[in-house]
Amino acid sequence: MKRVTVLAGGVGGARFTRGLLAHLAVVAPDAAVTVIVNTGDDMWLDGLRICPDLDTVMYTLGGGINEEQGWGRPDESRRASAEIAAYGRGWSWFTLGDLDLATHIVRTDLLRNGSTLSQATEFLCRRWQPGVRLLPMSDQPVETHVCLAENIDDHTAGDYIHFEEWWVRYRARVAITGFEQRGLADSVAAPGVLAAITEADLVVLPPSNPVVSVGTILAVPGVRQALRATRARVVGVSPIIGGAAVRGMADVCLHTIGVETNALAVGLHYGARTNGGLLDAWLIDETDAAALPALLHAGIHSAAAPLWMTDLPATTAMAAAVLALV
Ligand code: GDP
Ligand code: CA
């Protein structure tokens with residue numbers, strides 16, 4: 001096990017990868033891990049480029065994450081945000097802490113001076129040393145928007161709003177008719193992304209949101225083909241336990257694309273690689289073990305294990321279960 005590649009969103013992908021690194025440190029100390037991160041949640045805010053999932057992975061693996069929140073920095077203050085609000089600017093529902101702002105300022109400065117997002121990410125990682133190669137899925141801006149099914153505040157049914165506004169401001173409680181991933185169809189995988197998949201020994205789809213995190217990465221042109229072509233085993237970990245999204249509102253996203261919120265349905269949504277899908281194997285929670293026969297019948301080698309990422313030992317054990325599957 002030399003090269004492991006993970007296709008991650010924010011919190012779920014970051015926490016899983018932390019356990020993966022802890023496990024590999026014991027069983028395969030010279031393994032190299034690449035994390036390909038969703039950039040569909042990226043946006044411009046107050047003139048700054050914000051990359052929520054890249055930052056969550058970078059801070060989590062670099063020891064700079066606010067553990068309770070799962071995003072942002074610990075011991076934050078909000079003096080700059082308050083000043084921006086005093087001008088009547090900014091988005092009251094999206095917090096930019098003072099420490100976190102420094103990351104966005106440095107990133108935006110690099111981008112404005114001609115760096116690609118990959119180069120800016122590499123630069124930021126020189127400080128955080130996440131212990132993985134962190135790659136944005138694409139250097140082109142891709143932004144997930146949602147189409148509202150109802151009127152809310154100054155928005156009208158049929159309007160599109162940025163995914164983060166729907167997710168953070170409205171907690172995904174406003175009905176939507178679908179997602180539109182602007183820029184995705186014409187995007188190009190960032191340097192190293194396709195090779196990290198085709199040349200890996202193991203590819204993991206961690207317990208990240210299957211629609212707006214993993215699903216977005218999978219829709220970058222070339223990524224699905226790379227997953228089909230790789231000689232690596234492709235293993236997924238269910239983000240759904242006992243019919244519910246463990247943290248967050250992934251159930252609403254699944255419902256919007258017509259997939260039931262359970263470990264079996266999400267496994268079948270990714271599909272068996274032997275049958276045109278992506279998965280060689282699928283790890284589900286113990287409480288969902290009743291789904292194992294149906295998964296095996298669909299051609300997906302599956303097993304059940306505790307999948308709550310409550311602490312580092314539990315998450316490390318999850319990574320061990322993934323490796324045991326292959
Ligand atoms: P985001 O970009 O910050 O929303 O993070 P991700 O897309 O990487 O992951 C979010 C998803 O991770 C949630 O919707 C949950 O379904 C899943 N998740 C979060 N915590 C856990 C956990 O402890 N165990 C499992 N199996 N899934 C989890
Ligand atoms: Ca995200």
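This section describes the surroundings of ligand 1, the pocket that holds it and a separate cavity in a predicted model.

A good place to start is the ligand itself. In the model, 20 residues surround ligand 1, and the closest are Ser 208, Ser 213, Pro 239, Arg 247 and Leu 307. By class, this shell is made up of ten nonpolar, eight polar and two charged residues. Among the secondary-structure elements, helix H1, which spans residues 11-27, gives the most to the shell, with three residues.

Several polar pairings can be picked out around the ligand. A nitrogen atom of ligand 1 lies 2.6 Å from an N or O atom in the side chain of Arg 247, a residue that is also listed with the closest ones. Two further pairings involve the protein backbone. A polar backbone atom of Ser 238 is found 2.9 Å from a nitrogen atom of ligand 1, while a polar backbone atom of Val 11 is 2.9 Å from an oxygen atom of the ligand. Taken alone, ligand 1 exposes 590 Å², and the protein buries 93% of that area.

Turning to the space around the ligand, ligand 1 takes up the largest pocket. This pocket holds about 1,100 Å³ of space. Its lining counts 45 residues, and those nearest its centre are Gly 10, Val 11, Trp 71, Trp 167 and Gly 248. Sorted by class, the lining comprises 22 nonpolar, 14 polar and nine charged residues. At least two lining residues come from each of H1, H2, helix H4 (98-112), helix H6 (163-169) and strand E11 (240-241).

The model also has an enclosed space to look at. The count comes to one cavity of 30 Å³ or more, and the largest cavity contains about 40 Å³ of space. Its lining is formed by Val 11, Ala 14, Arg 15, Arg 18, Thr 56, Thr 60, Ile 65, Glu 67 and Gly 70. These divide into three nonpolar, three polar and three charged residues. Both H1 and helix H2 (52-62) supply at least two residues of this lining, and H1 provides the largest share, with four residues.

Helix H1 and Val 11 thus tie these descriptions together. H1 gives the most to the shell around ligand 1, supplies at least two residues to the lining of the largest pocket and contributes the largest share of the cavity lining. Val 11, for its part, has a polar backbone atom 2.9 Å from a ligand oxygen, is listed with the residues nearest the pocket centre and also lines the largest cavity.

Conventions
Residues numbered from 1 in each chain as written. Chains lettered and ligands numbered in written order. Predicted model: local features only at pLDDT ≥ 70, side-chain atom pairs only at ≥ 80, totals over all residues. Heavy atoms only, no water. Near = heavy atom within 4 Å. Polar contact = N/O pair within 3.5 Å; in protein donor to acceptor, adjacent residues only side chain to side chain. Areas by Shrake-Rupley, 256 points an atom, 1.4 Å probe, with all protein chains shown as cover. 1 Å grid on protein atoms, 1.4 Å probe; cavity = no way out; pocket = protein on both sides within 12 Å on 5 of 7 lines; lining within 4 Å. Sits in = over half its atoms within 2 Å of the grid points. Nonpolar A, V, L, I, M, F, W, Y, C, P; charged D, E, K, R; others polar. Points joined across faces, edges and corners; volume = space filled by probe spheres on them.
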